[in-house]
Amino acid sequence: MTVLAEPKLIPDHKAFLTVNVRWVRHWNEHLFSFAVDRPSSLRFRSGEFIMIGLPGEEDPAKPIMRAYSIASPSYSDELEFLSIKVENGPLTGRLQAIQAGDQLYMGKKPTGTLVCDALLGGERLWLLSTGTGLAPFLSLARDPEVYERFNQIIVVHGVRRVSDLAFRDELTAKLAEDPLVGEHAQEQFHYIPTVTREEFETKGRITDLIADGRLFAPPVTGPAKFDPETDRVMLCGSTAMIRETAQMLEQLGLTEGSNANPGQFVIERAFVD
């Protein structure tokens, strides 16, 4: 007989919302996903991030908060997140132990630049990610507006090990079970996973795939390089990947955009060192 632990409840805090954990999924020893109830007052654009946290261990009145991209699309009734596990991390060391029914703190105002509003119109939307940088692109890939704005949506996910490919089955199936975008995704969505430290069908860093042209191979259609006229790119993940890829894009004539001044590629600078 399984004995369920009592939910871990936290005191209300005037600066943050208190939300209930719906479910937790552990991908491997380094990676997990979780979802919380969506407060009725919360509005966000697909691709934005929000602060998530727990009461401080030494001073519960001073919560430990970190920025997390929302992996759910903007219409969802739950907020999903993807996180690494850091054994002694001030937040993730405790966050990885949460269970359904526990409570977390959440910020009141989502924000971010990995949104369609920060990009000019185009033909192909490239969502280039490493590790947990996949999260905002899970949100965008499940948003019907994205399929109206772009003819192709290409999610590229670079990781070290095959087991780090979170959501691989869902993305390989082209989001077939999604009630709103499943039909469109069958024609417009492409998923390119790549691994650096184990044997896999696609091996190498994202910048390697760009340099040798593998990124643009079928079933992706169009030019075998990034075209400033038609390609729009979002970057989220390791600092090294973002820095190197952004440099490649600028050399090809693409300009960085923002919410105030849309461009041809965007970076979520909240996560960049």
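A residue counts as exposed when its relative accessible area is over 50%, as buried when that area is under 20%, and as partly exposed in between. In this predicted model, Glu199 is exposed because its relative accessible area is 65%, whereas Lys203, at 33% relative accessibility, counts as partly exposed. The side chains of Glu199 and Lys203 nevertheless meet in a salt bridge, with a distance of 3.0 Å from N to O.

That pair belongs to a wider set, since a search of the whole structure finds 13 salt bridges. Another of them joins Glu244 to Arg205, whose closest N and O atoms are 3.0 Å apart. Glu244 lies in helix H7 and Arg205 in the loop between strand E9 (189-195) and H6, so this salt bridge ties together parts that are 39 residues apart in sequence. Both partners are partly exposed, Glu244 at 29% relative accessibility and Arg205 at 37%. Arg214 forms a salt bridge with Asp212, their closest N and O atoms being 2.9 Å apart, and here Arg214 is partly exposed at 35%, as is Asp212 at 44%. Elsewhere, Arg22, Asp37, Asp77 and Glu78 are linked in a network of salt bridges.

The largest pocket holds about 1,200 Å³ of space. It is lined by 41 residues, of which Ile84, Thr130, Gly131, Thr132 and Ser238 are the closest to its centre. Among the elements that give two or more residues to this lining are strand E5 (78-84), helix H6 (206-212) and helix H7 (239-251), while the largest share, four residues, comes from E4. By class, the lining of the pocket has 17 nonpolar, 16 polar and eight charged residues.

Conventions:
Residues numbered from 1 in each chain as written. Predicted model: local features only at pLDDT ≥ 70, side-chain atom pairs only at ≥ 80, totals over all residues. Heavy atoms only, no water. 1 Å grid on protein atoms, 1.4 Å probe; cavity = no way out; pocket = protein on both sides within 12 Å on 5 of 7 lines; lining within 4 Å. Points joined across faces, edges and corners; volume = space filled by probe spheres on them. Nonpolar A, V, L, I, M, F, W, Y, C, P; charged D, E, K, R; others polar. Salt bridge = Lys/Arg side-chain N within 4 Å of Asp/Glu carboxyl O. Buried < 20%, exposed > 50% of the residue type's maximum accessible area, 1.4 Å probe, protein only.
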